[in-house]
Amino acid sequence: MQSLSHSRLLAHTYATALIPFRNPPSIIRTVSSTNARIHCSKLRRMEKRDENQRSVVVESTTRLNNPRVDKLQQLVQKESTDGWEKSWEQGVTPWDLGQPTPILLHLHQTGALPKGRALVPGCGSGYDVAAIACPERYVVGLDISDIAIEKAVELSSSLPNASYFNFLKAVFFTWNPSELFDLILDYTFFCAIEPDMRLAWAQRIRDLLKPGGELITLMFPISDHVGGPPFKVSISDYEEVLLPMGFRAVSIVDNEMAIGPRKGREKLGRWKSSLAQCTL
């Protein structure tokens, strides 16, 4: 009897101990409520993170995120008549590499540039002008800024090839040289002008090149940013204005020699003008 009672007591105790675990409504409600709050909190954090990531993507594709470019845009937009002069005056020249453009220097050194007369509109400090000038190629550097021209002359006037190039302050769209050119180089000029001026740019390029002459365009910046200068460019932007002018694309390739920040956003385009185009 004692043994049986003891067994029943153990069984009753064991069964009683199991009851809260078999049917614990208050605990289940508490745990479920806590889990729900944790889950909602995680969802909110994930949504916030995704929203922040989307904001970063939008920001990176709509703006260049460069303080010097922001300052340049402020100067050009505020000083509509002499904004570019102000940018040189204040040293806000983010396009200036401080050296010749590597791919242009390479093309010159490998004999891959046409001989004759060459033009570099928007030449700035003139590094590219001086770099490709030689006895077989006379180069004219054109810029709208007095300070830019003065700097170009100061930097290059004592070079051994100084007799093979010249710098002029002039407006590209109205300047009329006495002779046409065999080669025109455009780098950070097309992207600097307002997009609605690009057709006029193409017309002027056509009129300044000899029939069968070559235009080299370093297409930059290829991006999705908003505003400018520099304004975003694409291959189709060039084709849209050059093809109607009788140009044909000889080659358009990635510029593998672009400087670090511009890698992947720059292409080298080589164009031939029509043999039957208008001349000066």
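This short talk walks through one predicted protein model, from its overall make-up to its cores, one helix and a few charged residues.

Before the details, please keep in mind that the model is predicted, that local features need pLDDT of at least 70 and side-chain atom pairs count only at pLDDT 80 or more, while totals for chains, interfaces and linings use all residues. Residues are numbered from 1 along each chain as its sequence is written, and side-chain values use heavy atoms, with hydrogens and water left out.

Let me start with the whole chain. The protein chain has nine helices and seven strands, where helices (H or I, at least four residues) and strands (E, at least two) are DSSP runs numbered from the N terminus. Of its 280 residues, 38% count as buried, a word that here stands for under 20% relative accessible area, with exposed meaning over 50% and partly exposed lying in between (1.4 Å probe, protein chains only). If we take contacts, meaning heavy atoms within 4.5 Å, between residues at least 6 apart in sequence, then 70% of them join residues at least 24 apart.

Now to the interior. The largest nonpolar core, that is, a set of buried Ala, Val, Leu, Ile, Met, Phe, Trp, Tyr and Cys residues joined through side-chain atoms within 4.5 Å, has 26 residues, and those with the most contacts inside it are Leu119, Trp201, Leu215 and Leu242. At least two residues of this core come from each of β2 (137–143), β4, α8 (198–208), β5 and α9 (235–242), and α8 gives the most, with four residues. A second, separate core of 23 residues includes Ile103, Ala152, Tyr187 and Leu268.

Ile103 brings us to helix α5 (residues 102–109), in which Ile103, Leu104 and Leu107 are buried. These residues lie on the same side of α5 because they cover an arc of only 100° around the axis, the arc being that of the directions from the helix axis to the C-beta atoms. The buried residues of α5 pack against α6 (127–132), β4 (181–187), β5 (209–219) and β7 (267–272). Just after α5, Gly111 takes a positive phi of about 70°.

Which residue in strand β4 is buried yet has no salt bridge? That is Asp186, for which the nearest side chain of opposite charge, Arg198, is 9.3 Å away; Lys and Arg count as positive and Asp and Glu as negative, while His and the chain ends are not counted. A salt bridge needs a side-chain nitrogen of Lys or Arg within 4 Å of a carboxyl oxygen of Asp or Glu. The side chain of Asp186 does reach the backbone nitrogen of Phe190 at 3.1 Å.

Elsewhere, the structure holds seven salt bridges. In one of them, Arg270 and Glu214 meet at 2.5 Å, N to O, and this pair links distant parts of the chain, with Arg270 in strand β7 and Glu214 in strand β5, 56 residues apart. Both Arg270 and Glu214 are buried. Asp254 and Lys267 also meet in a salt bridge, at 2.3 Å, N to O, but here Asp254 counts as partly exposed at 44% relative accessibility, and Lys267 is likewise partly exposed, with a relative accessible area of 21%.

I will finish with Lys263, which is found in the loop between β6 (248–254) and β7 and is partly exposed, with a relative accessible area of 48%. Leaving aside residues up to four places away in sequence, Lys263 touches Glu256, Met257 and Ala258.

Notes:
Polar contact = N/O pair within 3.5 Å; in protein donor to acceptor, adjacent residues only side chain to side chain.
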